[in-house]
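Me: I would like to go through this protein slowly and ask, for each term that is used, what justifies it. Could you set the values against the cut-offs as we go?

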Amino acid sequence: SKREIKIRKLDSTKVRPLKSEQLLHIEDHDFALRPGFGGSPIPVGIDVQVESIDSISEVDMDFTMTLYLRHYWKDERLSFRSNKNKSMTFDGRLIKKIWVPDVFFVHSKRSFIHDTTVENIMLRVYPDGNVLFSLRITVSAMCFMDFSRFPLDTQNCSLELESYAYNEDDLMLYWKHGNKSLSTDEHISLSQFFIEEFSASSGLAFYSSTGWYNRLFINFALRRHIFFFVLQSYFPAMLMVMLSWVSFWIDRRAVPARVSLGITTVLTMSTIMTGVSASMPQVSYIKAVDVYLWISFLFVFLSVIEYAAVNYLTTAEERKQLKKRGKASGMYSMDAVQAMAFDGCFHDTDEDMDLTPFPDPCEENETRTSQTNISNADTPRLRRKRSLKGGVGRIILQNNHVIDTYSRIIFPSVYIVFNFFYWGLYM
């Protein structure tokens with residue numbers, strides 16, 4: 001009757017369905033059930049467009065990726081009549097009222113759908129019931145990295161997609177266009193990696209309590225740029241090793257110079273190794289950069305040990321010579337090493353050493369020379385000055401130990417061989 005119709009219009013507790021919902025007959029079906037419930041599994045096609053790879057973290061062993069995820073399936077309950085056979089496009093508000101696949105990212109740590117300025121969701125329905133469901137998602141997922149060749153490594157990571165509730169008996173995930181289902185932006189670039197390959201693959205995953213599930217894989221290979229680590233780690237280590245070889249060309253009696261140089265290079269190598277370890281995960285195996293830095297550290301350390309041996313053998317040799325000459329028993333006698341440590345001057349002959357109990361030879365010898373009018377040819381110190389003017393290199397060679405002579409050849413040769421072997425093995 002007219003009265004009942006009027007009462008229905010005045011009843012504000014009932015919400016009238018939207019025009020789109022009426023066209024799709026949403027209220028006539030139970031969309032809590034999947035399409036074709038109780039029958040064969042519903043095929044759901046997937047294609048992905050990777051917008052960017054935002055970051056790769058070695059410490060956390062994960063990567064962050066932004067992508068467009070698109071689902072394709074057919075739900076005859078959403079079919080509608082259309083004279084022009086045109087599809088209808090909706091935003092995210094209709095998603096909660098119909099059935100959509102429950103695809104999730106395996107091994108993901110964080111993920112979200114972009115919502116600026118509104119949720120980045122698109123739903124397109126065709127007259128025959130075919131549906132396109134598109135999302136813009138940023139996801140952070142685990143990447144099981146192997147650092148045994150770091151920083152000359154290539155990492156293989158994958159983003160895995162799978163249905164959470166529906167196993168292979170209810171839902172069949174597949175790549176919509178085969179290998180062409182995965183596309184990437186041409187401008188994707190990373191600061192430390194070069195993207196070698198993007199590929200799509202599929203497989204099955206088994207869970208003991210729920211059964212077999214279809215799983216899709218987005219695989220990509222990342223090759224690390226080596227130039228940054230050459231500048232920050234390898235090149236400084238090379239320079240420290242070569243700097244430690246300078247010690248072999250310094251006179252063996254110059255104890256402060258050689259010891260200071262050795263300790264400085266050792267500490268610098270320790271700083272380089274600490275800086276590299278601080279930016280890496282604490283793994284239990286040896287990395288390629290560890291091999292190089294530890295071998296370089298060993299070369300620097302051996303250069304210090306080399307001078308310790310040279311100094312010890314030099315002191316022992318000079319004591320034996322002094323004992324043969326009968327000077328070791330003198331009250332104020334001292335060898336060349338002790339003399340240099342006492343007065344800070346270099347002594348290359350026995351006559352040049354001052355054996356007085358309170359010597360100041362650096363200034364006293366010059367005063368004594370002017371007072372006694374001794375000729376330049378008869379003064380040991382002046383003879384040494386003349387010889388220094390004529391052949392500094394010859395004197396350095398004559399006053400170096402045989403160990404220094406061999407070290408100048410052996411240390412660089414072995415280090416060059418090690419570098420050829422290292423870069424040939426890991427490159």
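Me: Where does Gly 38 lie, and why is Gly 38 called buried or exposed?
Reply: In this predicted model, Gly 38 lies in the loop between helix H2 (19-24) and strand S1 (42-57). A residue is called exposed when its relative accessible area is over 50%, and Gly 38 has 69% relative accessibility, so Gly 38 counts as exposed. Its C-alpha atom and that of Asp 170 are separated by 8.2 Å, although the two residues are 132 residues apart along the chain.

Me: What makes His 187 count as buried or exposed, and where is His 187 found?
Reply: His 187 is found in the loop between strand S10 (182-184) and strand S11 (193-207). The relative accessibility of His 187 is 68%, and because the cut-off for exposed is over 50%, His 187 counts as exposed. The C-alpha atoms of His 187 and Glu 51 are separated by 8.9 Å, and these residues are 136 residues apart along the chain.

Me: How do you know whether Ser 140 is buried or exposed, and which residues does Ser 140 touch?
Reply: Ser 140 lies in strand S7 (residues 130-142), and its relative accessible area is 6%. Buried means under 20%, so with 6% Ser 140 is buried. Leaving aside residues up to four places away in sequence, Ser 140 touches Phe 63, Thr 64, Ser 108, Lys 109 and Arg 110, where touching means that heavy atoms come within 4.5 Å.

Me: Why is Ser 247 called buried or exposed, and what is the place of Ser 247?
Reply: The place of Ser 247 is in the loop between H3 and H4. Its relative accessible area is 4%, and since buried means under 20%, Ser 247 is therefore buried. Not counting residues up to four places away in sequence, Ser 247 touches Arg 258 and Leu 261.

Me: How do you know that the span of helix H4 agrees with its number of residues?
Reply: Helix H4 (residues 255-278) has 24 residues, and at 1.5 Å a residue it should span 34 Å. The expected span is 1.5 Å times one less than the number of residues. The end C-alpha atoms of H4 are 35 Å apart, which agrees.

Me: Which residues of H4 are buried, and what covers the buried residues of H4?
Reply: In H4, the buried residues include Arg 258, Leu 261, Gly 262, Thr 265 and Val 266. What covers the buried residues of H4 includes H3, helix H5 (288-324) and H10.

Me: Why is the aromatic pair of Tyr 234 and Tyr 422 called tilted?
Reply: The structure holds 26 aromatic pairs, and in one of them, formed by Tyr 234 and Tyr 422, the rings are 6.0 Å centre to centre with 50° between the planes. Rings pair if their centres lie within 6.5 Å, and planes under 30 degrees apart count as stacked, over 60 as edge-to-face and the rest as tilted. The 6.0 Å therefore makes Tyr 234 and Tyr 422 a pair, and the 50° makes it tilted.

Me: What does the pair of Tyr 234 and Tyr 422 tie together?
Reply: Tyr 234 lies in helix H3 (residues 227-245) and Tyr 422 in helix H10 (residues 402-426), so the pair ties together parts that are 188 residues apart in sequence. Tyr 234 counts as buried at 1% relative accessibility, and Tyr 422 counts as buried at 2%.

Me: What makes the aromatic pair of Tyr 415 and Phe 418 tilted?
Reply: Tyr 415 and Phe 418 are 6.1 Å centre to centre with 40° between the planes, and because tilted covers what is neither under 30 degrees nor over 60, the word fits. Both residues lie in helix H10, three residues apart, about one turn of the helix, and Tyr 415 is buried, as is Phe 418. Tyr 234, Tyr 415, Phe 418 and Tyr 422 are among the members of one aromatic cluster.

Me: Why does the charged end of Arg 408 count as sitting over the ring of Trp 249?
Reply: The charged end of Arg 408 sits over the ring of Trp 249, 4.1 Å from its centre. The cut-off for the distance is within 6 Å, with a further condition of within 35 degrees of the ring normal, so the 4.1 Å satisfies the distance cut-off.

Conventions
Residues numbered from 1 in each chain as written. Predicted model: local features only at pLDDT ≥ 70, side-chain atom pairs only at ≥ 80, totals over all residues. Heavy atoms only, no water. Helix = DSSP H or I, 4+ residues; strand = E, 2+ residues; numbered from the N terminus. Buried < 20%, exposed > 50% of the residue type's maximum accessible area, 1.4 Å probe, protein only.
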